[in-house]
Amino acid sequence: MNEMPVFRLIIIILVSCVSTVILPGQSFVNPSFEGEPQEAFVPVGWTPCAVNTTPDIFPGVWGVDMDAADGSTYMGLITRSDGSYESVGQRLPVVVEGGECYTFSFFLAKSDTYAGFNEAIRCRIWLGSSSCVREQLIFESDKLEDTDWRKEDIRFKAEKNHQFLIIEAAYPTKSRTARGNMLIDGLSSIIRCDRA
């Protein structure tokens, strides 16, 4: 009578082990920024990395109603006219090793109805060796003009060992006065280029 639950447990453990071998990579916690749509809330698994970082979880607040690219919700970050901007980060589950090539993807867009923060800005993604420390820029978008999701596939070579990733809303010019937004969703696992 108790043999069946034990057999199922063994199967589950075997499948988990095989999946780990077949699907190598660095999975983020909450890569699609899932959560209850709300304003001024850092998604579970992410850490604020700039002063006054109050990201929003969409759709359904601040006039932003577009569908998610992945899952049910997504995150919005803004830049303000006072020179402040929003940024979040997360510790990677495994160290990105210096000298190695890696690849991952995500979706970007902007909104034209983000409570007055509607200008086109950029997205930057950084690596660092500790929490919220920006050491290597691995991605900078063009000005985000598109209100439809655009998939970004990036490859980078780590300059040194890093264990933290930072996503930043970046000004489009040096003036730092744009009131703009960026929307992000669906981060894939980071994998070595030779395993992609």
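**Strand 10 and its partners**

I started at Gln90 and looked for its bridge partner in strand 10, which turns out to be Leu165. This is a predicted model, so I'm reading everything below as computed from that prediction. Gln90 led me to the strand pairing: strand 4 (residues 87–96) and strand 10 run antiparallel, with six bridges joining them.

Next I checked what else strand 10 pairs with. Strand 7 does, again in the antiparallel sense, over seven bridges. For a landmark on that side I picked Trp126, which stands opposite Ile166 in strand 10.

Is strand 10 mostly covered or mostly open? I went through residues 162–170, and eight of the nine are buried, so I noted the strand as mostly covered, taking buried as under 20% relative accessible area.

**Gln136**

I moved on to Gln136, which has its place in strand 8. I wanted to know how much of a polar side chain was left open here, and the relative accessibility came out at 6%, so Gln136 counts as buried.

What does the side chain of Gln136 reach? I found the backbone oxygen of Lys157 at 2.8 Å. Then I listed the contacts, leaving out residues up to four places away in sequence: Gln136 touches Ile125, Trp126, Leu127, Lys157, Ala158, Glu159, Lys160 and His162. Trp126 is in that list, and I had already met Trp126 opposite Ile166.

**Disulfides**

How many disulfides are there? I count two.

I took Cys49 and Cys132 to begin with. Their sulfur atoms sit 2.0 Å apart, and the link is left-handed, with -70 degrees about the S-S bond. Cys49 lies in the loop between strand 1 (47–48) and strand 2 (56–58), and Cys132 in the loop between strand 7 (122–128) and strand 8 (136–140), so the pair ties together parts that are 83 residues apart in sequence. I checked both ends for exposure: Cys49 and Cys132 are buried.

The other link joins Cys101 to Cys193, S to S 1.9 Å. With -60 degrees about the S-S bond, I logged the Cys101 and Cys193 link as left-handed too. Cys101 is in strand 5 (residues 101–109) and Cys193 in the segment after strand 12 (191–192), so this bond ties together parts that are 92 residues apart in sequence.

Exposure took a little more care here. I got 24% relative accessibility for Cys101, and since buried needs under 20%, Cys101 goes down as partly exposed. Cys193 has a relative accessible area of 14%, so I put Cys193 down as buried.

How do the bonded cysteines pair when numbered in sequence order? I wrote down 1-3, 2-4 for the protein chain.

I also looked up Cys123, which comes out at 0% relative accessibility and so counts as buried.

**Ser111**

My last stop was Ser111, in the loop between strand 5 and strand 6 (119–120). Is this loop residue buried or exposed? Its relative accessible area is 4%, so I have Ser111 as buried.

For contacts, again skipping residues up to four places away in sequence, I found that Ser111 touches Val64, Asn118, Asn181 and Leu183. I also took a C-alpha distance to Asp65: the separation from Ser111 is 9.0 Å, with the two residues 46 apart along the chain. Finally I followed the side chain of Ser111, which reaches the backbone nitrogen of Thr113 at 3.0 Å.

Technical notes. Residues are numbered from 1 along each chain as its sequence is written. This is a predicted model: local features need pLDDT of at least 70, side-chain atom pairs count only at pLDDT 80 or more; totals for chains, interfaces and linings use all residues. Side-chain values use heavy atoms; hydrogens and water are left out. A disulfide is a pair of cysteine sulfur atoms within 2.5 Å. Helices (H or I, at least four residues) and strands (E, at least two) are DSSP runs, numbered from the N terminus. Buried means under 20% relative accessible area, exposed over 50%, partly exposed in between (1.4 Å probe, protein chains only). A polar contact is a pair of N or O atoms within 3.5 Å; within protein, one must be able to donate a hydrogen and the other to accept it, and residues adjacent in sequence count only if both atoms are side-chain atoms. Contact means heavy atoms within 4.5 Å. Two strands pair if DSSP finds at least two bridges between them.
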